[in-house]
Amino acid sequence: MTVTHRIAVVTGSGRGIGAETAKQLAQHGAKVVVSDVTMALTEETVHAIQEAGGEAIGVAADVSQRSQVEALFSTAMERFGRVDILVNNAGIIRDNLVYKMTDEDFDAVLNVHLKGTFLCSQAAQKVMVPNQYGRIINFSSTSALGNRGQVNYSAAKAGIQGMTKTLSYELGRYGITCNAVAPGFIETDMTRATAARMGVDFEALKAAAAKEAAVLRVGVPADVAHAVLFFAADESSFITGQVLYVKGGA
Ligand code: NAP
């Protein structure tokens, strides 16, 4: 899986799956723009990459804000001269049953996941098209197929699958592929927050999710990062418009 000397932007990479993806890209020789809502959030990932001998910079950007996304790509271009890989990982959850879902929580989730993926992909294609090369990897979820308490999140994650297909059709002629990963239960702060919301012990929630999986365990960020790297590789130029479920056969 070759990503050597490629320039990668990973959104929401201060922690969780994004942080692990940024680290794995760097381990394989990519130079990484670690982006998250605040600069402070990016520091741990940048430090870990540099400690391991890799190259990374931190850039603060809220993916739901056009001006911040444009500034993110300007900084990446100033520092590295191009962007080859975009990982649209940033995400939030604001779970609630439909009868209690507020406009604010619906809009917040749609704005970060769906609009954020659109804004970052739009900014990325602008700098990728002139180079006739690009890899865009979006984050869907098994929740795209529906999940109780996630009327906002499931709609956003299903929308991302449609957006992925459309981007693949529009951008393929410029050497740009667009694919999505759709994780199942992955052990991160996001699933910890879900356990807290449900009022259940995190270990108990994990055990229940593990029972549902063919491999009898829940996922860890490295499982998803590995799938992202597959799509991000130079060798994956004939794979586009795909959604890869990373869910241990659940
Ligand atoms: P996480 O640990 O909560 O990390 C998400 C990161 O995104 C955080 O650093 C967060 O910053 C950042 N973020 C939130 N809003 C942002 C914004 N507006 N702009 C930029 N960054 C923002 O979550 P995760 O579990 O690693 O999830 C990563 C991706 O995988 C998400 O797209 C999620 O929907 C998807 N996913 C996760 C699972 C799972 O089981 N964990 C399953 C399916 C799909 P803050 O710290 O400020 O919030």
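## Strand S4

In this predicted model, strand S4 (residues 85-88) turns Ile85 and Val87 one way and Leu86 and Asn88 the other way. These residues are all buried, each being under 20% relative accessible area.

## Strand pairing and crossover

S4 pairs in the parallel sense with strand S1 (residues 7-11) over three bridges. Within that pairing, valine 10 stands opposite valine 87 of S4.

A parallel pairing also joins S4 to strand S5 (residues 134-139), over four bridges. Valine 87 stands opposite isoleucine 137 in S5. From S4 the chain passes through H4 to S5, a β-α-β crossover that is right-handed.

## Contacts with the ligand

The ligand is surrounded by 29 residues, the closest being Arg15, Asp36, Asn89, Tyr153 and Thr188. Aspartate 36 places a polar side-chain atom 2.6 Å from an oxygen atom of the ligand. Two other approaches involve the backbone: an N or O atom of asparagine 89 lies 2.8 Å from a ligand oxygen atom, and a backbone N or O atom of isoleucine 186 lies 2.8 Å from an oxygen atom of the ligand. On its own the ligand has 890 Å² of accessible area, and the protein covers 91% of this.

## Makeup of the shell

Helices H1 (16-27), H4 (103-128), H5 (151-171) and H6 (189-198) are the elements that give two or more residues to the shell around the ligand. H6 provides the largest share, three residues. Sorted by class, the shell holds 14 nonpolar, ten polar and five charged residues.

Notes:
Residues are numbered from 1 along each chain as its sequence is written. This is a predicted model: local features need pLDDT of at least 70, side-chain atom pairs count only at pLDDT 80 or more; totals for chains, interfaces and linings use all residues. Side-chain values use heavy atoms; hydrogens and water are left out. A residue is near a molecule or strand if one of its heavy atoms lies within 4 Å of it. A polar contact is a pair of N or O atoms within 3.5 Å; within protein, one must be able to donate a hydrogen and the other to accept it, and residues adjacent in sequence count only if both atoms are side-chain atoms. Accessible areas come from the Shrake-Rupley method with a 1.4 Å probe; for residues, only the protein chains shown count as cover. Ala, Val, Leu, Ile, Met, Phe, Trp, Tyr, Cys and Pro count as nonpolar, Asp, Glu, Lys and Arg as charged, and the others, Gly among them, as polar. Buried means under 20% relative accessible area, exposed over 50%, partly exposed in between (1.4 Å probe, protein chains only). Two strands pair if DSSP finds at least two bridges between them. A crossover is right-handed if, with the strands pointing away from the viewer, the path from the first strand over the helix to the second runs clockwise.
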